[in-house]
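This report walks through selected side-chain contacts, ring pairs and strand features, and is meant to be read beside the displayed chain.

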Amino acid sequence: ELTFELTGTSGDTVTAKPPDGNIRLLFFGFTYCPDICPATLQKLSRAVKDLPTELREDTQIVFVSVDPQRDTPERIDSYVSFFSDRAIGLTGEEPALRELSKRYRTTFGYDEPDAEGNYNVSHSGAVYVFDREGKAPPAYIAMASTEQSDPLAVTIDETEELAAREQDDQQDGEQEIGDGISSEQNRGCPCIKLAAFPDGLAYA
């Protein structure tokens, strides 16, 4: 279930409650990231842009910065706006970020700063998909890898196929979402196919 209380780019507190009917693609990262973050955000932006209009307007990319020391709300706003008008940026105090990442079975860490104070942040390349009710299907995470030319492959079916799949859900109790990945009901979430990478897939 999608739950958080973080700081938005305006400096105000943002929560995930109550559900507002949006489909959310949640991703942890930091704006100084040289590879995983820009590649993943670019892929997500393209996937959302290719959605039918009615789904695109209900789909939101949620970028959570785990580097609050350097990533100010203003910087995060500029960063996510570069990739998509359907993206928002959030951050918070480190304890809140660690609690959130732990809830979704991931973590992050900070390397030692160099002589100029620059440092890298290690973090997961997972993308978490939440439906309109703030729920995540059992298989909902794609792992991104910097060793691949195409770190995140996401394709989204047309609404007709979505409707057909949702009808099958009601009849059969489960559906296929990707290459051999099954989910129970995919309530209101577009059919997002997550390609299988050498890293494999992570599950909740």
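Which residue forms a salt bridge with Asp 71, and how far apart are the closest N and O atoms? In this predicted model, the partner of Asp 71 is Arg 75, and the closest N and O atoms of the two residues are 3.8 Å apart. Asp 71 counts as buried because its relative accessibility is 1%, under the 20% cut-off, whereas Arg 75 is partly exposed, with a relative accessible area of 33%. Arg 75 has a further partner, since its charged end sits over the ring of Tyr 32, 3.9 Å from the ring centre. A comparable arrangement is found for Arg 70, whose charged end sits over the ring of Tyr 119 at 3.7 Å from the centre.

**Salt bridges**

The count of salt bridges in the model comes to seven. Three of them are listed here with the separation of their closest N and O atoms.

| Basic residue | Acidic residue | N to O distance |
|---|---|---|
| Arg 132 | Asp 58 | 3.1 Å |
| Arg 75 | Asp 71 | 3.8 Å |
| Arg 98 | Glu 94 | 2.9 Å |

The salt bridge between Arg 132 and Asp 58, with its closest N and O atoms 3.1 Å apart, links distant parts of the chain, given that Arg 132 lies in the loop between β8 and β9 (141-142) and Asp 58 in the loop between α2 (53-56) and β4, 74 residues apart. Arg 132 counts as partly exposed at 26% relative accessibility, and Asp 58 is likewise partly exposed, with a relative accessible area of 26%.

The pair of Arg 98 and Glu 94 belongs to a single element: both residues lie in helix α4, four residues apart, which is about one turn of the helix. Arg 98 is partly exposed at a relative accessible area of 30%, and Glu 94 is partly exposed at 33%.

**Aromatic pairs**

The count of aromatic pairs comes to nine. In one of them, the rings of Tyr 104 and Phe 130 have their centres 5.6 Å apart and their planes at 65 degrees, so the pair is edge-to-face. Tyr 104 lies in the loop between α4 (94-103) and β6 (108-110), while Phe 130 lies in strand β8 (residues 127-130), so this pair ties together parts that are 26 residues apart in sequence. Both partners are buried, Tyr 104 with a relative accessible area of 4% and Phe 130 with one of 1%.

The rings of Phe 108 and Tyr 110 also form an edge-to-face pair, because their planes stand at 70 degrees, with the centres 5.8 Å apart. Here the two partners differ in accessibility: Phe 108 counts as buried at 6%, whereas Tyr 110 counts as partly exposed at 33%. Elsewhere, ring pairs link Phe 27, Phe 63, Tyr 79, Phe 82 and Phe 83 into a cluster.

**Strand β8 and its partner**

In a regular strand, side chains alternate between the two faces of the sheet. In β8, Val 127 and Val 129 point one way and Tyr 128 and Phe 130 the other way, and all of these residues are buried. Strand β8 runs antiparallel to strand β3 (residues 23-29), and four bridges join the two strands. Opposite Phe 130 of β8 stands Arg 24, so that Phe 130 takes part both in this strand register and in the ring pair with Tyr 104 described above.

**Thr 59 and Ile 36**

Which backbone oxygen lies 2.7 Å from a polar atom of the Thr 59 side chain? The oxygen is that of Leu 55. Thr 59 is found in strand β4 (residues 59-65), and it is buried because its relative accessible area is 2%. Leaving aside neighbours within four places in sequence, Thr 59 is in contact with Asn 22, Ile 23, Leu 25, Val 48, Leu 51 and Arg 86.

Ile 36 is found in helix α1 (residues 36-49) and counts as buried at 15% relative accessibility. The C-alpha atoms of Ile 36 and Ser 124 are separated by 8.9 Å, although the two residues are 88 residues apart along the chain.

How values were computed. Residues numbered from 1 in each chain as written. Predicted model: local features only at pLDDT ≥ 70, side-chain atom pairs only at ≥ 80, totals over all residues. Heavy atoms only, no water. Buried < 20%, exposed > 50% of the residue type's maximum accessible area, 1.4 Å probe, protein only. Polar contact = N/O pair within 3.5 Å; in protein donor to acceptor, adjacent residues only side chain to side chain. Contact = heavy atoms within 4.5 Å. Phe/Tyr/Trp six-rings, centres within 6.5 Å; stacked < 30°, edge-to-face > 60°. Lys NZ or Arg CZ within 6 Å of the ring centre and 35° of its normal. Pairing = 2+ DSSP bridges. Salt bridge = Lys/Arg side-chain N within 4 Å of Asp/Glu carboxyl O.
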